[in-house]
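Me: Please take a close look at one part of this model, the enclosed space inside it, and then at the strands around that part. One connected account is enough.

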Amino acid sequence: MRLSHRDEDGARLASLLWEFGPGWRAISSAMVGGGIGPAAWMLNAQVVAGYSRMDPVDHLLELAPPGPGVGMLTAASVDHFTRARDGGAEAVATVGLRVPTWAAAPEGAADPELAPMYLPGTVNIAVAVPVAMSDAALVNAVMTVTEAKTQALLEAGFPCTGTASDAVCVAAPDRASGVSGAPEELFGGPRSTWGARIARAVHTAVLQGAHRWANRDEPST
C-alpha cells in the first residue's frame, strides 16, 4: 500500500494505491472498476472540495497504474486514512463527514449536499481478504461493510448511515487463479467466518476515522 502526493487545483492532494497483484477480483460501487471483475489494484484519490471536473473516469485513469483495478475519488483527507486488520481481513477507510446522511430521506427534502463546500464529505472503504469468495458472498460482504460502517458512525456520535457519496470495494483472490489455497467462501454475512472478520476490521477503521474527523483542529480541504 503506497501513499503519494500531487499538486492539483492549487492544493496538495494525496492518493492511496493498494496493489493486490494478478489473480485478484473485486466488487465495487466505484466509477472505475465498478461491479464484479478483475482487480490488480485499488486507488483512492483525493480531490479538492467542490470538485467539478466532468470527466472523473478519465481523471482517475490518469492517476491509476495500468491494468484492471478499482478507482475512487474523495474530498476527505487521504493522508488521514485509517487501517485495521482482523484474522486476515484488512480494511482501509478515508472518512469525511461534512453532511452525515440517513439513507431513507423524505421525498422532496432539501439536499444537504448543496451546503457550502468548506468541509469534505465521503466515506470510502476498501477491504481485502485472502480467500476466494463466490459472487453472492461478495455481494453479502458489501452489505456487511455497509452495516459495520453505520454501526461505527453511530457509535462515534454521528446520526447517519453514512454520506450520499460513499464508495465500497471488497477484493479477494480469484478462485481460478490459484492465489488462494482455500475453498471458495459461499457467505459474507456478519456471522460467517470471513464476514465477521470483515465487519470487525471495517468497524475499527471507520470508528477511528470518525473520531479523528470529529476531533480535527480545523477543516480539511
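**The cavity and the sheet**

Reply: Three strands each give at least two residues to the lining of the largest cavity: S5 (41-46), S8 (89-97) and S9 (121-128). Strands (E, at least two residues) and helices (H or I, at least four) are DSSP runs numbered from the N terminus. The model is predicted, with pLDDT of at least 70 needed for local features and 80 or more for side-chain atom pairs, while totals for chains, interfaces and linings use all residues. Numbering starts from 1 along each chain as its sequence is written, and side-chain values use heavy atoms, without hydrogens or water.

The structure holds one cavity of 30 Å³ or more; a cavity is a set of points on a 1 Å grid where a 1.4 Å probe fits but cannot get out. The volume of the largest cavity, the space filled by probe spheres set on its points, is about 30 Å³. Its lining (residues with an atom within 4 Å of a point) consists of Met-42, Asn-44, Met-72, Val-92, Ala-93, Thr-94, Asn-124, Ile-125 and Ala-126. Six of these residues are nonpolar, three are polar and none is charged; Ala, Val, Ile and Met are among those that count as nonpolar.

Now the sheet. It is open and mixed in its pairing, with six strands in the order S4-S3-S10-S9-S8-S7; strands pair if DSSP finds at least two bridges between them. At its edges are S4 (35-38) and S7 (82-86), each of which pairs on one side only. From one strand to the next, the twist averages 15°.

Within this order, S9 pairs with S10 (residues 167-173) in the parallel sense, over five bridges. Ala-128 has Ala-171 in S10 as its bridge partner.

Two helices pack on the sheet, where contact means heavy atoms within 4.5 Å. Helix H2 (residues 135-155) touches S3 (24-28), S4, S8, S9 and S10, and its direction makes about 135° with that of S10. Helix H3 (residues 193-214) touches S7, S8 and S9, with its direction at about 30° to that of S8. These angles, on a scale from 0 to 180 degrees, are between N-to-C directions of lines fitted to C-alpha atoms.

At the S4 edge, S3 and S4 run antiparallel and are joined by four bridges. Ser-28 stands opposite Gly-35 in S4. The two strands form a hairpin with six residues between them, and in the turn Gly-33 has a positive phi of about 80°.

Key:
On a 1 Å grid over the protein atoms alone, a cavity is a set of points where a 1.4 Å probe fits but cannot get out, and a pocket is an open set with protein on both sides within 12 Å along at least five of seven lines; lining residues have an atom within 4 Å of a point.
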